[in-house]
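Work through the following exercises with the model open beside you. Each task is followed by a solution that proceeds step by step.

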Amino acid sequence: MTNSPGTGAGPVSPVAVIIPTYNERDNIEIITGRVRSSVPDAHVLIVDDNSPDGTGEIADKLAGGDSHVHVLHRAGKAGLGAAYIAGFAWALEQGYGALVEMDADGSHQPEEMTRLLDALASADLVLGSRYVPGGAVRNWPRSRELLSRAGNTYARLMLGFTLKDATGGYRAFRATTLRRIGLDSVNSQGYCFQIDLARRTILAGLTVTEVPITFVERERGTSKMSNAIVAEAFWRVALWGIARLWTGRRKPR
């Protein structure tokens with residue numbers, strides 16, 4: 001599903017897969033290995049927020065044994081959005097052409113990554129979507145799925161786009177997209193960070209495409225979802241929606 005004409009034209013490489021971590025010692029080696037097996041040419045950047053459980057040390061050991069694995073250590077936990085912005089900045093500086101977001105907990109299947117990268121050949125941003133035909137959710141509590149679906153419906157109504165899964169965190173960007181959407185002014189953190197970047201891409205007149213993925217609930221560790229994350233998404237989306245309506249009213253007829 002394409003929302004607007006953009007600049008995506010042809011495959012992009014090299015690929016950097018950015019994986020933020022905080023207390024993911026039980027998952028990081030597994031997910032890194034799966035990425036390396038699924039897309040051997042891709043590089044992995046682990047962005048660790050000084051995890052007290054030693055995730056950063058495990059990441060360093062992985063990087064020491066594999067030239068395709070890199071680690072960015074941050075001083076402390078500052079939110080998902082800040083971790084991704086730091087990872088994007090590193091990857092853009094290093095000259096990667098495609099940047100992939102992926103969770104460390106195994107909920108995003110590395111084996112499906114080629115589907116996102118193939119779609120990026122004709123798009124500027126590709127969203128791995130749970131809610132388009134062919135997408136699925138496994139082992140998620142019904143309450144979480146209802147919250148996710150409600151959040152996406154709310155975003156569509158407030159922001160006027162047709163994306164089915166703007167809150168998902170498995171996605172692929174062209175480097176040119178990230179350079180155009182004003183990352184320096186991004187302040188959103190939790191899951192509304194994902195809505196924000198999709199919104200900015202559409203506002204820039206670029207192509208956003210959704211491809212089906214299967215989301216699998218984590219088996220190890222604990223979710224980072226909180227009431228504060230939900231609240232942030234609610235009020236930020238409301239503000240963006242009000243701004244959109246106000247701007248529309250002020251346009252000359």
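**Exercise 1. Find the acidic partner of Arg 199 and state whether the two residues are buried or exposed.**

Step 1. Arg 199 forms a salt bridge with Asp 196, and the closest N and O atoms are 2.9 Å apart; a salt bridge here is a side-chain nitrogen of Lys or Arg within 4 Å of a carboxyl oxygen of Asp or Glu.

Step 2. Arg 199 and Asp 196 are three residues apart in helix 7 (residues 192-203), and are therefore separated by about one helical turn; helices (H or I, at least four residues) and strands (E, at least two) are DSSP runs, numbered from the N terminus.

Step 3. Both Arg 199 and Asp 196 are buried, where buried means under 20% relative accessible area, exposed over 50%, and partly exposed in between (1.4 Å probe, protein chains only).

Step 4. Arg 199 also lies over the face of Trp 240, at 4.4 Å from the ring centre; for a charge to sit over a ring, NZ of Lys or CZ of Arg must be within 6 Å of the ring centre and within 35 degrees of the ring normal.

The model is a predicted one, in which local features need pLDDT of at least 70 and side-chain atom pairs count only at pLDDT 80 or more, while totals for chains, interfaces and linings use all residues. Residues are numbered from 1 along each chain as its sequence is written, and side-chain values use heavy atoms, with hydrogens and water left out.

**Exercise 2. How many salt bridges does a search of the whole structure find, and which parts of the chain does the pair of Asp 165 and Arg 130 link?**

Step 1. The search of the whole structure gives ten salt bridges.

Step 2. In one of them, the side chains of Asp 165 and Arg 130 meet at 2.7 Å, N to O. This pair links distant parts of the chain, since Asp 165 is in the loop between helix 5 and strand 7 (171-174), whereas Arg 130 is in the loop between strand 5 (125-129) and strand 6, 35 residues apart. Asp 165 and Arg 130 are both buried.

Step 3. Glu 232 and Arg 236 form a salt bridge whose closest N and O atoms are 2.9 Å apart; both residues lie in helix 8 (residues 227-250), four residues apart, about one turn of the helix, and both are buried.

Step 4. Salt bridges with shared partners join Arg 142, Glu 145 and Arg 149 into one network.

**Exercise 3. Classify the aromatic pairs of Tyr 84 with Phe 88 and of Trp 140 with Phe 215.**

Step 1. Six aromatic pairs are found in a search of the whole structure; rings of Phe, Tyr and Trp (its six-membered ring) pair if their centres lie within 6.5 Å, and planes under 30 degrees apart count as stacked, over 60 as edge-to-face and the rest as tilted.

Step 2. The ring centres of Tyr 84 and Phe 88 are 5.9 Å apart and the planes lie at 25°, so this pair is stacked. Tyr 84 and Phe 88 both lie in helix 3 (residues 80-94), four residues apart, about one turn of the helix. Tyr 84 counts as buried because its relative accessibility is 0%, and Phe 88 counts as buried because its relative accessibility is 0%.

Step 3. Trp 140 and Phe 215 form a tilted pair, 4.8 Å centre to centre with 50° between the planes. Trp 140 is in the loop between strand 6 (136-138) and helix 5 (142-159), and Phe 215 is in strand 9 (residues 214-216), 75 residues apart, so that the pair links distant parts of the chain. Both Trp 140 and Phe 215 are buried.

Step 4. The charged end of Arg 130 sits over the ring of Phe 215, 5.4 Å from its centre.

Step 5. Ring pairs also link Tyr 84, Phe 88, Phe 173 and Phe 193 into a cluster.

**Exercise 4. Which residues of helix 2 are buried, and which are exposed?**

Step 1. In helix 2 (residues 55-64), the buried residues include Thr 55, Gly 56, Ile 58, Ala 59 and Leu 62.

Step 2. Seen down the axis of helix 2, the buried residues fall within an arc of 160°, so they line one face of the helix; the arc is that of the directions from the helix axis to the C-beta atoms.

Step 3. Lys 61 and Gly 64 are exposed on the other side of helix 2.
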